[in-house]
Amino acid sequence: MTYKRLISFDFDDTLFHTPKPEEGEKIWKEKTGTDWPYSGWWGRPESIDPEIFNIPLNQWVYKKYLEAVSDPENYVILATGRLKKKEGMSSHIQTILNQHNLSFDEIHLNWGGDTYHFKTKLFEEKIEELGVHEFVMYDDRQEHLVKFEEWAEEHHVQVTVVDVVNKKETIF
């Protein structure tokens, strides 16, 4: 199969409204009766435990997802900075996707290190492997979006960076 474009969706605060630490720790205490037992949040699979948290879709991004998967010329992936090496992370993400009937051609969790570097390396590998002419990425982190825009200018494919917070698309 030949694809025209690669489309990537981020997980936290892009495709899903996942709980942030302050709100999440309150919900954890309400549901479990105990204080949050860990020092970190984003690296813990418990922070997206589908038995504890209701994790709703971002409806604006969901519509973009539906458009993306409806076109057979698109190869659609999920790329998240959440760590693959954390036991339970992949299964919690898959459960949440299943709850909302979402499926992707591939799901990628961070193999370790900086999220921005993980994603740019992954995107470069997939663009090369698939031979696509266009790349579209949906993300929410403002500090990363600026760097993704700089990264986009260095590549030979058309890159669209979608800032889901401001609902703004920039084409390079």
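Where in the predicted model is the place of K167? The place of K167 is in the loop between strand 5 (158-163) and strand 6. The legends below treat this residue together with other local features.

**Figure 1. Loop residues D13 and K167 of the predicted model, each with a positive phi.** K167, in the loop that lies between strand 5 (158-163) and strand 6, has a phi near 50°, a positive value in a residue other than glycine. D13 belongs to the loop between strand 1 and helix 1. Although D13 is not a glycine, its phi is positive, at about 60°. Most residues other than glycine have a negative phi. D13 counts as buried because its relative accessibility is 17%, under the 20% limit for that class.

**Figure 2. Helix 1 (residues 21-32) and the glycine that follows.** The 12 residues of helix 1 reach 16 Å from the first C-alpha to the last. This span is close to the 16 Å expected at 1.5 Å a residue. G33 follows helix 1 and has a positive phi, near 80°.

**Figure 3. Helix 2 (residues 59-70) and its buried side.** With 12 residues at 1.5 Å a residue, helix 2 should span 16 Å, and the distance of 16 Å between its end C-alpha atoms agrees. Which residues of helix 2 are buried? They are V61, K64, Y65 and A68. These residues cover an arc of only 105° around the axis, and therefore lie on the same side of helix 2. An α-helix has 3.6 residues a turn, so residues three or four places apart point the same way. K63 and S70, on the other side of helix 2, are exposed. The packing partners of the buried residues of helix 2 are strand 1 (5-9), strand 2 (74-83), strand 4 (134-139) and strand 6 (168-171).

**Figure 4. Close-up of K64, a buried lysine in helix 2.** K64 is part of helix 2. Is K64 buried or exposed? Its relative accessible area is 18%, so K64 is buried, the limit being under 20%. When neighbours within four places in sequence are left aside, K64 is in contact with F9, Y138 and E169.

**Figure 5. Helix 4 (residues 115-130) and the elements that pack against its buried residues.** The 16 residues of helix 4 should span 22 Å at 1.5 Å a residue, and the end C-alpha atoms are 22 Å apart, in agreement. The buried residues of helix 4 are T115, Y116, F118, K119, T120, L122, F123, K126, I127 and L130. They pack against strand 1, strand 2, strand 3 (106-110), strand 4 and helix 5.

**Figure 6. The crossing of helix 4 and helix 5 (residues 142-152).** Two packed helices are described by the angle between their axes and the distance between the axes. Here the axes come within 11 Å and cross at roughly 35°. Helix 4 passes helix 5 in a right-handed crossing. On helix 4, the contact is made by T115, Y116, K119, T120, F123, E124 and I127; on helix 5, by H144, K147, F148 and W151. By class, the residues of this contact divide into 5 nonpolar, 3 polar and 3 charged. T120, found in helix 4, counts as buried because its relative accessibility is 7%. Not counting residues up to four places away in sequence, T120 touches F148 and W151.

**Figure 7. Surroundings of F135 in strand 4.** F135 has its place in strand 4. With a relative accessible area of 0%, F135 is buried. Beyond its neighbours within four places in sequence, F135 is in contact with L6, S8, F123, I127, W151, V157, Q158, V159 and T160. The C-alpha atoms of F135 and A152 are separated by 9.2 Å, although these residues are 17 apart along the chain.

**Figure 8. The exposed loop residue K85 and W111.** K85 is found in the loop between strand 2 and helix 3 (89-99). Its relative accessible area is 66%, so K85 is exposed, the limit for that class being over 50%. K85 and W111 are 26 residues apart along the chain, and their C-alpha atoms are separated by 6.8 Å.

Technical notes
Residues are numbered from 1 along each chain as its sequence is written. This is a predicted model: local features need pLDDT of at least 70, side-chain atom pairs count only at pLDDT 80 or more; totals for chains, interfaces and linings use all residues. Side-chain values use heavy atoms; hydrogens and water are left out. Axes are lines fitted to C-alpha atoms, for helices over the stretch in contact, and angles run from 0 to 180 degrees between N-to-C directions. Helices (H or I, at least four residues) and strands (E, at least two) are DSSP runs, numbered from the N terminus. A crossing is left-handed if the near helix is turned anticlockwise from the far one by less than a right angle, and right-handed if clockwise. Contact means heavy atoms within 4.5 Å. Ala, Val, Leu, Ile, Met, Phe, Trp, Tyr, Cys and Pro count as nonpolar, Asp, Glu, Lys and Arg as charged, and the others, Gly among them, as polar. The expected span of a helix is 1.5 Å times one less than its number of residues. Buried means under 20% relative accessible area, exposed over 50%, partly exposed in between (1.4 Å probe, protein chains only). The arc is that of the directions from the helix axis to the C-beta atoms.
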